[in-house]
Number of protein chains: 2
Amino acid sequence: MSWQAVGIFDSGVGGLTVLREIVRVIPQEDTIYFGDTARVPYGTKSPETVTRYAHEITSFLVRRDIKLLVVACNTASAVALPSLKRSFPIPVVGVIEPGARRAVEVSKSGRIGVIGTAGTIRSSAYTRAIKRLNPEAEVLTKACPLFVPLAEEGWVDNQVARLTAVNYLQELKDAGVDTLVLGCTHYPLLKPLIAEIMGAGVVLVDSAAETALTVAGILGQKNLLRPVAEIGNQHYYVSDIPAGFIRVGNRFLGGRLGDVYQVNLDEDGEGN
Amino acid sequence: MSWQAVGIFDSGVGGLTVLREIVRVIPQEDTIYFGDTARVPYGTKSPETVTRYAHEITSFLVRRDIKLLVVACNTASAVALPSLKRSFPIPVVGVIEPGARRAVEVSKSGRIGVIGTAGTIRSSAYTRAIKRLNPEAEVLTKACPLFVPLAEEGWVDNQVARLTAVNYLQELKDAGVDTLVLGCTHYPLLKPLIAEIMGAGVVLVDSAAETALTVAGILGQKNLLRPVAEIGNQHYYVSDIPAGFIRVGNRFLGGRLGDVYQVNLDEDGEGN
């Protein structure tokens, strides 16, 4: 048993979808969430830069004594996970592996589509993870860089969103995938539209629920879960001023976001 | 006369449109360009964070001994200019004032539209600058957050770009503006489409040319121009790895981009 918190970070607000699932599955745990809103997005940036940011944030969270780290950002999971695992002495869980596992479980044909940011798709991390679980699987990938700005603009069901989605998804649909991994934490906001375009025969997979189960499993195995009678607290840190995060975050969490604190990573403690 | 360079910075690659005009007007000058590609975009971030980034970059450029600073980024010009002018002992030129001056010159009706990022529009910097020059002017503004990702995706004349532009611009068109300021360095890439939607009666103003003339004027007044027989050199620094900047930058400059160096502002010299 451990009273330490579970640390979660994302490039911004999108990782709250993962936090929400973790709170649903293990509500007894304290959580510390970090959104890197001063440097968002990660999906357009190089692996080297995203890895440097991931290390800075993890250092910050480890100094706050977390017992496990969840990398809720797909791009950071895709490029920085091995390096984080080597550098920090706590379990590190990304969203790629759980999403890949779920996709392999639900796909009947083995033809699996993956959509994500340019950085996530370029890394081939989903393809490698899926092939490790099912070497016969056929993985088709497509970067959808406009989906994040569309979701942030709130354009999730207008004609612009529809045309953009058709542009990106038509070739995956034509290729006959039966499963589509939403490989970016923002994409669940576009889920109804994506579902409509892909059609009823295609299962959409988002990693949040599967990642939360993975976290619960690891904590259980290591005997680090708090007693189920407890109610955990949620703490939030961001790198830009909190106003925008609070506004969008309440939409993600149904108005239950607590206090949010700003932190400047350049000035926080040593080792940054 | 001064052999020091002219410093120019932008959140990313867009400020190269301003650099290009400076090189055209005063080709004898050396220039040092800084693109903050590891933290782009600025338009969605708070004034406090953008101001902090602007100070870090200006410190970097001042240590390289520049004689004048051009803030080519509209968002940074809108929120950080007074603070930069107070903190650094060199002339600081933004893009808002030159763009506003040009708009007031060309507008016959005094009804002027301004489009830009959320940060630029929220600051009201263009409205204030235009009203200072012509208190009778009527200024209508509209944030267009999807224009930057569209330009970066290369979607500048397809149906998605067209529908997005109509969504953003129709109310300015209906309001009868006769002048439209393209208040973001990326927007010139969408100029043909914006011109088509606004119609022949509306003059589009981009700040790059006017800013270059302002720079030449200040250097001339202060007797800091190099002899016209000289040919200046262009140097480029970026905060993320240079590959993406080089690819897009060559499109902006017609393939004439030279060497680009990466710098980590956290580690460069003192005072950051």
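This note covers how the two chains pair and how helix α8 is built, in a predicted model.

1. Symmetry. A turn of 180° with a shift of 0.0 Å along the axis lays chain B on chain A, at an RMSD of 0.0 Å. The two copies are thus related as by a two-fold rotation axis. In chain B, B:R39 has the C-alpha nearest that axis, at 2.4 Å.

2. The interface. On chain B, 18 residues are in contact with 18 residues of chain A. Three elements of chain B give two or more residues to this side: α2 (47-63), α7 (147-153) and α8. The most come from α8(B), with five residues. By type, the side of chain B that touches chain A has seven nonpolar, five polar and six charged residues.

3. Matching surfaces. Of the interface residues of chain B, 100% are also interface residues in chain A, so the copies meet through the same surface.

4. Helix α8 in chain A. This helix runs over residues 159-174, 16 residues in total. Its first and last C-alpha atoms lie 21 Å apart, close to the 22 Å expected at 1.5 Å a residue. There is a bend all the same: about 45° at A:Y168. After α8(A) comes A:G176, with a positive phi near 80°.

5. What α8(A) packs against. Its buried residues are A:V160, A:A161, A:T164, A:A165, A:L169 and A:L172. Within chain A, these buried residues pack against strands β5 (111-116), β6 (138-143) and β7 (179-183), and against helices α7 (147-153) and α9 (191-198). They also pack against α8 (159-174) of chain B.

Note on methods:
Residues numbered from 1 in each chain as written. Chains lettered and ligands numbered in written order. Predicted model: local features only at pLDDT ≥ 70, side-chain atom pairs only at ≥ 80, totals over all residues. Least-squares fit on C-alpha atoms with pLDDT ≥ 70 in both. Contact = placed C-beta atoms within 7 Å. Helix = DSSP H or I, 4+ residues; strand = E, 2+ residues; numbered from the N terminus. Expected span 1.5 Å × (residues − 1). Bend = angle between axes of the 7 residues up to and from the residue. Buried ≥ 20, exposed ≤ 12 C-beta atoms within 10 Å, placed from the backbone. Nonpolar A, V, L, I, M, F, W, Y, C, P; charged D, E, K, R; others polar.
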